[in-house]
Each structure stands twice: as C-alpha cells, then as structure tokens.
Amino acid sequence: MGHDEYILPRWSLDHIGKAFKRDATRAALGEASLHWLRHSCASAAANAGVPLQNVQAVLGHSDIATTMRYVHPSDDLAAVTAAVNLG
C-alpha cells in the first residue's frame, strides 16, 4: 500500500497533538490537548453512567484510584457516585 492510499497522512502523535491544539484554539475550546480530551472522555463516560471499572479498562489503568483522578464529576454527583460500583 503506497503512502497516497492512506485516508490520512502518516502523522506522528506529536503532529496530531499540535494539530488538535491548533484546531481547539480556533474553536475557542481554550487550552485543549489530547490529554485533556482523554480526561473529557473519561468524565463524559462516568457522568453517563458507565461503570468506573469499564472506564478504567478503556484507559488502561491498573488502579481504580488513577481512573478516579481522571473523572471530573458533573453537577450531578449522584451519577458519578452510582458509576462507582466497587462491589
């Protein structure tokens, strides 16, 4: 498969991160980064009721405490509390 056959060019993670930051600034998202996006996705999942153990698995964390630092609860703290079902 030649380079011209790819849908996207073969960018490095650094290039993708810089492009994301640039576009986030243009979209008035403030200081956004790929790491910020990771936190946002984790928070959105937990706030939507996804069990924290599932979020932990997707993020690849070995310790649930690490995942809990990623999750930023919404105003509805009960949704996040319900997602933390440690059995």
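How are helices α1 and α2 oriented to each other? In this predicted model, α1 and α2 are roughly perpendicular to each other. The angle between the two helices is about 75 degrees. This value falls in the range of 65 to 115 degrees, which counts as roughly perpendicular. The axes lie 9 Å apart. Helix α1 covers residues 13-26, and helix α2 covers residues 34-47.

The overall composition is simple to state. The chain holds 5 helices and 0 strands. Along the sequence, the pattern reads α-α-α-α-α. The chain has 87 residues, of which 23% count as buried. Contacts between residues at least 6 apart in sequence were also examined. Of these, 40% join residues at least 24 apart.

The contact of α1 with α2 can be described residue by residue. On the α1 side, the participants are L13, I16, G17 and F20. On the α2 side, they are L34, W36 and L37. By class, 6 of the residues in this contact are nonpolar and 1 is polar. No charged residue takes part in the contact of α1 with α2. The polar class includes Gly by the rule applied.

Two of the residues in this contact, F20 and W36, also form an aromatic pair. The structure holds 1 such pair. The ring centres of F20 and W36 are 6.4 Å apart, and the ring planes stand at 40 degrees, so the pair is tilted. For reference, planes under 30 degrees apart would count as stacked, and those over 60 as edge-to-face. The pair links distant parts of the chain. F20 belongs to helix α1 and W36 to helix α2, with their positions 16 residues apart in sequence. How accessible are the two partners, F20 and W36? F20 is partly exposed, at a relative accessible area of 22%. W36 is likewise partly exposed. Its relative accessibility is 34%.

Salt bridges were considered next. The count comes to 3. One of them joins K18 and D14, with the closest N and O atoms 3.3 Å apart. K18 and D14 are 4 residues apart in helix α1, so about one helical turn separates them. K18 is exposed, with a relative accessible area of 53%.

Which residues are linked in a network of salt bridges? The network consists of R22, D23 and R26. R22 and D23 meet through their side chains at 3.1 Å, N to O. D23 also bridges to R26, where the closest N and O atoms are 3.7 Å apart. D23 and R26 are 3 residues apart in helix α1, so they too are separated by about one helical turn. The accessibility of each member was computed. R22 is partly exposed, at 41% relative accessibility. D23 is partly exposed as well, with a relative accessible area of 37%. R26 is exposed, at 64%.

Two buried positions, S43 and V55, were then examined. S43 lies in helix α2. Its relative accessible area is 7%, so S43 counts as buried. The cut-off for this class is under 20%. With neighbours within four places in sequence set aside, S43 contacts Y70, V71 and H72.

V55 is located in helix α3, which spans residues 52-59. V55 is buried, at 5% relative accessibility. What does V55 contact beyond its neighbours within four places in sequence? The partners are A42, A45, A46, V50 and T67. A45 is 10 residues away from V55 in sequence. In space, the two C-alpha atoms of V55 and A45 are 7.0 Å apart.

Conventions. Residues are numbered from 1 along each chain as its sequence is written. This is a predicted model: local features need pLDDT of at least 70, side-chain atom pairs count only at pLDDT 80 or more; totals for chains, interfaces and linings use all residues. Side-chain values use heavy atoms; hydrogens and water are left out. Axes are lines fitted to C-alpha atoms, for helices over the stretch in contact, and angles run from 0 to 180 degrees between N-to-C directions. Angles under 35 degrees count as roughly parallel, over 145 as roughly antiparallel, 65 to 115 as roughly perpendicular and the rest as oblique. Contact means heavy atoms within 4.5 Å. Rings of Phe, Tyr and Trp (its six-membered ring) pair if their centres lie within 6.5 Å; planes under 30 degrees apart count as stacked, over 60 as edge-to-face and the rest as tilted. Buried means under 20% relative accessible area, exposed over 50%, partly exposed in between (1.4 Å probe, protein chains only). A salt bridge is a side-chain nitrogen of Lys or Arg within 4 Å of a carboxyl oxygen of Asp or Glu.
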